[in-house]
Structures are given as C-alpha cells and as structure tokens.
Amino acid sequence: MSKGYLKEQFIKYLLFFCALSSVLFLAGIIWVLFREGLPVFSHVSLLEFISGRDWYPYWHPPDFGILPLISASLVVTTGAMVIAVPIGLFSAIFIAFILPLKLKKIVKPITELLASIPSVIFGLFGMQILAPVLRDLFNLPSGFNALNAMIMLGIMALPTIISLSEDALTAVPEPYREASLALGSTRWEAISKVIIPAALSGIATAVILGLGRAIGETMVVLMVAGGAAVMPTDIFRAVKPMTATIAAEMGETSVGSPHYHSLFGIGIVLFFITLLFNIIADYFTQKFQSMVGGES
Amino acid sequence: MKMLKILFLVFSLVLFFAGSALGGDSITIQGSTTVNPVSQITAEAFMDQYPHINISIRGGGSGTGLAALVDDAVELAQSSRFIREDEVRRAVENGVYPVPHRIAMDGIAVVVHPDNPVNELTLDELQAIFSAEITCWSELGGPNQEITIVSRDSASGTFGVFNDIVLRDRRLAPTALTQASNAAISTTVAETPGGIGYVGLGYLSERLQAVFVDGVKPDNTTVSSGEYPIARPLFFFTNGWPEGSVASYISFVLSPAGQELIEQQGFVPLH
C-alpha cells in the first residue's frame, strides 16, 4: 500500500464523516424535539392541542390550545406572500428581460444582499419606525400587530423570491421567446403568455421557499406582532405566531413542566408544516427541471 | 506494622478534611427565578469576603426549590411565595423543619402613558381592566380611547405576582400584548397613548406614569410598610434554624451591605 493511497483513503473518510455529521445533527434535533414534545399529549389530546382556542399554559387547570398560534403563523405568512409575491415576481421579470445585462450583474447581487441583513435589524426597524407610522396612519391603539409582521416578513422574503424566480425565468429556453415573437406577439405577450407559464413551477418553488422562510422566522414576529394569543380576525390587531410563543416562553418556564413540553409540542407542529413546504417545493423543482430540460 | 498505622492515620485525616470541605463550606440554593438576581449578587459579594465558602444557585421556580428542601437536597430554598401547608406536612414527614427568612420585598408598579389623566385605580378596577371587562378609558374618567393591555409573558415571576394579587380568579385577556422584559413593557407603554402595563419598581422613569393603587403611591416606603398592595415578600427557607456558613450567608443578606445590593437590583430592602 502506497502512502498516496492511504492519504486518499483518509481524505475520503474525513469527507464522509463531515457529510454524515449533518445527518446526525438532524436526527439528534428530531429525537430531542419528539422526546421533549410528545409528553404534552398526556395532558391534552392531539386534537385538543391543535384545535383548542385558549392558550393559558400557566392557569390551573391549564389550557393548551394552539389554534390561535397556528392561525397567526399562517395568516401572517400569507399576508407576507401577498406583499412579496407581486413585488418579487415583477422585479424578477424586470431583471430578467428588461434590464441590460451589464446592470443586471449589479442589481441582482444587490437584491440578494437584502437576505444578509440579520433579522433582528428588521425587527428593530419594525418596532421603532414602522410601528409608530402604522399607529398614526390607521389611527390604531398600537402599531404592534399582524400587518406590521406581514410587511416585515414580506420584505425579508423578497430576495428569495426575486432570485429564484429570476433563475426560473431565464432558464426558459430562448427558442420559446423567439418563436412567440416571430408569431407576432409583443414583448409583454411573450413574457406573460409564454415564458411565465413555462416557468410557473420554478416560480412556485421560489414562492414556497419564501413561505418557508417567513413561517420559521422568529425574531421579527417576536418583536413586532404584539404577542396576543387570539384568533387573527383583524390584521390591525396583535397576534402571537408559533415561533414567537416558543421564543418568549421557553426561557421562563420550568424544565419538565407541562408548559415546557407544550412548547416543544408547538415545535413539532412547526416542524411538520415546514417539512410539508419543503416537500412541495421539491416536487415543483423536479417538475420544472423535467419540463424545461425535456423539451429544449 | 508501623507502616500500616501511618497509612491509616493519613487516610483518616484525608477523609476528615475532605468531609469538612464538602459538607461544611458549600451552599446550594434552588428555587424562584424572581429571587435569582438577589441570591446571585449577594452570593458573589459574600464569596469575595469568605473565599472558602462556595455558593451555587439554581433556578427552577419556587415549587422546585421547596421540593428540593423537603427532600433535604439543598441547604436553602429561594421562594417568591410562602411555603404551602402540604409542603410543610411532607417536610415534617421527612424530618425536615422549614424555617422562613424574609430577605427583601418585591413591588410592582402599574404604569400608564404620561398623558393619561387617569392616575388612580383600585385593585378591582385593575382586575376589570386586565381581564378586559373594562375596555375603554372613558369608563374610568379618562378620554374616549381604547385600553391597550401590555403584560409580561405568562411564565415570568412578575406575571405570577400580578396574577395572584390583581387578576386573582380571572384570566388575563388574551388580547393583551405580551413583552418579554420590564424594559420592553416600559418602551411599549411609553409609546402607546392608551397603554397600561406593570413593571418592577426599579424600572419607573419619567417616560411612564405610575398610578396610585387603592390610593397608595408605589415607592420603597409604601412597599416596605405593606401599604402598597401589589407587593410580596421574598423568602429563603432553611432546614431548621441556620448554622455555620448558611447562617453567616443569611446574616450577610440581611446586613445593610446586603440590603443595599438588593436595592441595586430593583427590589425593595427590608430596612
């Protein structure tokens, strides 16, 4: 056995263990999540947990209903997408087809820079600047509400949506556009009737990954959503998303109490929601690749 | 044979010193997270003076601390409430005799926006406000403005006192905004014209207006005299009357130097 062979083997196994480590970390996190979260179901049934409307974990007897928390997360995330998807998609179209190539090389990295701003900075902005503006603009008692969280999360999801939709749009084979223009369509008709439909599953991936980022975001919603565990019936009212609940209450609750286990229980629910988003995103990615790849 | 005797002597000496080092000079405190800052700052100053005594502090809540004392697992339980009857009964069954030591007072001021003309409320009015039975300041002689409740998170010690004294048998309105710290409550109430919240006495400032509760102004004097209603004593519990290092630590906490440290942490000293 030569020295070179041993070295090769050593490097091969080193890389193998590094790759394995992330799988081990994932397995460890899931194991802890379930070990600490499942005991809550000895105090409350799964159905009561996810459909109960009262979150009073400290009361005697406690109420562990997380429907207001799940709904708050979904409403805030949906609102963020209502803001981010049109802006993101139109930006992507502009960058992909209208902006000259020279400028595109500058503009796209700048939009991606938005993703590198720490979320606590977005939270501070929402707290100190957006909250007073919303309060005075809509004459509200407080600027800490669902709308504030939607706007901040929408801005945070923009870079993901712009960057991935732009990739999807430029991945549509050039002959599609040329053929459509040759048939006499205008540029906008070519974009809206040919290229966007062709890139639709790629755009869907972008939106779902943006959604995944928004639903798991913790710091911003903790700082600006207000933290009231009520059903989100009004976007001008305070809400308490799942992530904010875990972050706010974990520090003070005593380890091993039903409240502690219920917070991990929320973690399990959140885990399944983001897992679902990732599976859907994966499905659309594969569909897009087979479609674009197969026909060009 | 002589060798064996020397060995025996050395061995017993080692055992003797090890035993005294482990048993005599280390104190374990467990219990309320509210009391934690009090224990921490006094323990640090105490250990500077008595380097041979080691104090370790664990949180977990008043109930956990008292349970550990009942099991004779800790020397001191820190508690933000008095010991309950069933806890005393279990302690006595275990041969443990819990002795309470009042170490400081904890007062909570109710605060509103400085522009709010309402500056006096009763405990019953506060209960109605925080359970959302009263939702508009006009019902209390103030402007026609919606009340925005700002509360601490439900697991915090401050919320615990407030819940016991003000809310009693009612639940906090789910519409209440929740904030994670005294400082965050101060900021939110200062920026919300219709806001009402509660903070430890150490967090009062000119950005906030502290209301009189049942006609009593919240300050160190009224809290220590017991006139101000939203206050409670903080306790250490020992097994029997304290001796040795535990006794010197408790006397340090009760001394003027210890009480001054406690006041710096935003609690109300006993004297």
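Modeller: A crossing is right-handed if the near helix is turned clockwise from the far one by less than a right angle. Keep that handy for this predicted model.

Colleague: Okay, which way does α7(A) pass α8(A)?

Modeller: In a right-handed crossing.

Colleague: And why is α7(A) called oblique to α8(A)?

Modeller: The two helices, α7 being residues 174-182 of chain A, pack at about 140°, with axes 9 Å apart. Roughly antiparallel needs an angle over 145, and roughly perpendicular runs from 65 to 115. The value fits neither class, so α7(A) counts as oblique to α8(A).

Colleague: What makes the contact between them?

Modeller: From α7(A) come A:Tyr176, A:Arg177, A:Ser180 and A:Leu181, and from α8(A) come A:Arg187, A:Ala190, A:Val194, A:Ile195 and A:Ala198. By class, that's six nonpolar, one polar and two charged residues.

Colleague: Moving on to the largest nonpolar core: which of its residues touch the most other members?

Modeller: There are 56 residues in that core, and A:Phe49, A:Trp55, A:Ile66, A:Leu153, A:Met242 and A:Ile266 touch the most others. Several chain A helices supply at least two residues each, including α3, α8 and α11. The biggest giver is α6(A), with eleven.

Colleague: How do you know that A:Ile66 meets residues from elsewhere in the sequence?

Modeller: Leave aside neighbours within four places, and A:Ile66 is still in contact with A:Phe49, A:Ile50, A:Gly52, A:Trp55, A:Ile266 and A:Val269. Contact here takes heavy atoms within 4.5 Å.

Colleague: What lies apart from the largest core?

Modeller: Another core, of 39 residues, with A:Tyr56, B:Val110, B:Val161 and B:Val223 among them.

Note on methods
Residues numbered from 1 in each chain as written. Chains lettered and ligands numbered in written order. Predicted model: local features only at pLDDT ≥ 70, side-chain atom pairs only at ≥ 80, totals over all residues. Heavy atoms only, no water. Core = buried A, V, L, I, M, F, W, Y, C linked by side-chain atoms within 4.5 Å. Buried < 20%, exposed > 50% of the residue type's maximum accessible area, 1.4 Å probe, protein only. Helix = DSSP H or I, 4+ residues; strand = E, 2+ residues; numbered from the N terminus. Axes fitted to C-alpha atoms, helices over the stretch in contact; angles between N-to-C directions. Parallel < 35°, antiparallel > 145°, perpendicular 65-115°, else oblique. Nonpolar A, V, L, I, M, F, W, Y, C, P; charged D, E, K, R; others polar.
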